[in-house]
Amino acid sequence: MPTRRNAQDLQTLNQKAQDVWNTNAEFWDARFGEGNDFQNLLIGPATERLLDLQPGDLVLDAGCGNGAFSRRMAQLGAQVVAFDFSRRFLEYARERTTDHRDRIDYKLIDATDENQLLALGKNRFDAAVCTMALMDIAAIQPLTSALSQLLRPGGHFVFSVLHPCFNSPEGLRKAVTEEDRGGRIETVYAVQVSAYAEPSTIKGIGMIGQPVAQYYFHRPIHILFGVCFKAGFVLDGIEEPTFGPQAVGNRTLSWQCFKHIPPVLVARMRLPAS
């Protein structure tokens, strides 16, 4: 797919993506709940380390989905403004928020609309987070540009994505083989990547059984980070978490079986202090 789209094409694609998430919201909320292995074992701990939240911090949660991580941040003492472009997801987020309601403000905002984002208030937030949503957003430049203005000087932005190198929805094949290693037969899990360097848009599934396929916007690392650099951020923290021995896959090729390959990338971008 072309790397540049005109405004009409982008608007149409963004509307299609929004329709998909409104359709899938009920299924995802029921299956995801307050988190799955990806969130609880990989993404959540890495994100919390990089965010380094302090009690009373005001945090913007972009693409909050059903609000699971917003509620976790509120539990840690943060004040949270959380937004998503799916009305259905926000309904489930509000229903699930029984504790710390005074610490979370859910809003319907489109991350591709910079004006909507800037209406939240410039230089207002201590930090921002986007948990596994950047690859669901048709254009991320409006978000990074807005964040550079919404965050206070020295503020940081932590995001997690499917690892662009090892877990791209396009050009990825998982494999399991047996190898004789010094007279001991071992099961080896590996990935084969046939496409990476170019951005692409494809449809796929995030959870088996979801009603409709979702859009994935693959961005290689140089584009993903480059958009942030252009907005004035610097990279000052990164983690590539892997599943440990405690994780057990429910399928032969579940990511929980791939102990030495990171399925997600978590990064911290920071603005200059002045």
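## Reading burial, bridges and strands

Mentor: Let's open with R96, which is partly exposed, with a relative accessible area of 28%. Keep in mind that this is a predicted model.

Trainee: Fine. Which side chain does R96 meet in a salt bridge?

Mentor: To call a salt bridge, look for a side-chain nitrogen of Lys or Arg within 4 Å of a carboxyl oxygen of Asp or Glu. R96 and D29 pass that test, with 2.6 Å from N to O. The two sit in distant parts of the chain, 67 residues apart: R96 belongs to helix α4 (residues 87-96) and D29 to helix α1 (residues 7-32).

Trainee: And D29 itself, is it buried or exposed?

Mentor: The cut-off for buried is under 20% relative accessible area. D29 counts as buried because its relative accessible area is 8%. This pair also has company, since D29, E34, R71 and R96 are linked in a network of salt bridges.

Trainee: How many salt bridges does the structure hold?

Mentor: There are 13. Another one to look at joins the side chains of R152 and D126, again at 2.6 Å from N to O. R152 is in strand β5 (residues 151-162) and D126 in strand β4, so this pair ties together parts that are 26 residues apart in sequence. R152 is partly exposed at 33% relative accessibility, and D126 is partly exposed at 24%.

Trainee: Now a charged residue that breaks the pattern. How far from D136 is the nearest side chain of opposite charge?

Mentor: The thing to do with a buried charge is to look for its partner. D136 is buried yet has no salt bridge, and the nearest side chain of opposite charge, R219, is 8.4 Å away. You'll find D136 in the loop between β4 (125-131) and α6 (141-150).

Trainee: What does D136 touch, then?

Mentor: Leaving out residues up to four places away in sequence, D136 touches W21, Q214, Y215, Y216 and F217.

Trainee: That loop leads into α6. Why is α6 described as largely enclosed?

Mentor: For a helix, count the buried residues, then ask what covers them. Seven of the 10 residues of α6 are buried, so the rest of the structure largely encloses this helix. The buried ones are P142, L143, T144, S145, A146, L147 and L150. They pack against β1, β2 (79-84), α5, β4, β5 and α7 (221-230).

Trainee: β1 is on that list. How many residues of β1 are buried?

Mentor: Five of its five. With a strand, check each face separately. L58, L60 and A62 are buried on one side of β1, and V59 and D61 are buried on the other.

Trainee: In what sense do β1 and β2 pair?

Mentor: Parallel, over five bridges. To see the register, find L60, which stands opposite V81 in β2.

Trainee: Where could I see antiparallel pairing?

Mentor: Go to strands β6 (residues 172-181) and β7 (residues 184-193), which pair in the antiparallel sense over 10 bridges. They form a hairpin with two residues between them, and G182 in the turn has a positive phi of about 65 degrees. For the register here, E179 has E186 in β7 as its bridge partner. E186 also makes a salt bridge with R181, where the closest N and O atoms are 3.4 Å apart. R181 is partly exposed, with a relative accessible area of 40%.

Trainee: Which residue other than glycine has a positive phi of about 50 degrees?

Mentor: As background, most residues other than glycine have a negative phi. D52 has that positive phi of about 50 degrees. It is found in the loop between α2 (37-51) and β1 (58-62), and D52 is partly exposed at 49% relative accessible area. N123 is another case, with phi near 55 degrees. N123 lies in the loop between α5 (114-118) and β4 and is partly exposed at 47%.

Trainee: Last stop, the surface. Which residues form a nonpolar patch there?

Mentor: Nonpolar side chains that keep some accessible area are the ones to look for. Here F229, L235 and I238 form the patch, with about 260 Å² of accessible area together. L235 lies in strand β10 (residues 234-239) and counts as partly exposed, at 34% relative accessibility.

Note on methods:
Residues are numbered from 1 along each chain as its sequence is written. This is a predicted model: local features need pLDDT of at least 70, side-chain atom pairs count only at pLDDT 80 or more; totals for chains, interfaces and linings use all residues. Side-chain values use heavy atoms; hydrogens and water are left out. Helices (H or I, at least four residues) and strands (E, at least two) are DSSP runs, numbered from the N terminus. Buried means under 20% relative accessible area, exposed over 50%, partly exposed in between (1.4 Å probe, protein chains only). Lys and Arg count as positive and Asp and Glu as negative; His and the chain ends are not counted. Contact means heavy atoms within 4.5 Å. Two strands pair if DSSP finds at least two bridges between them. Patches are made of residues with over 30% relative accessible area and no salt bridge: like charges are joined within 9 Å, nonpolar side chains (Val, Leu, Ile, Met, Phe, Trp, Tyr) within 5 Å. Accessible areas come from the Shrake-Rupley method with a 1.4 Å probe; for residues, only the protein chains shown count as cover.
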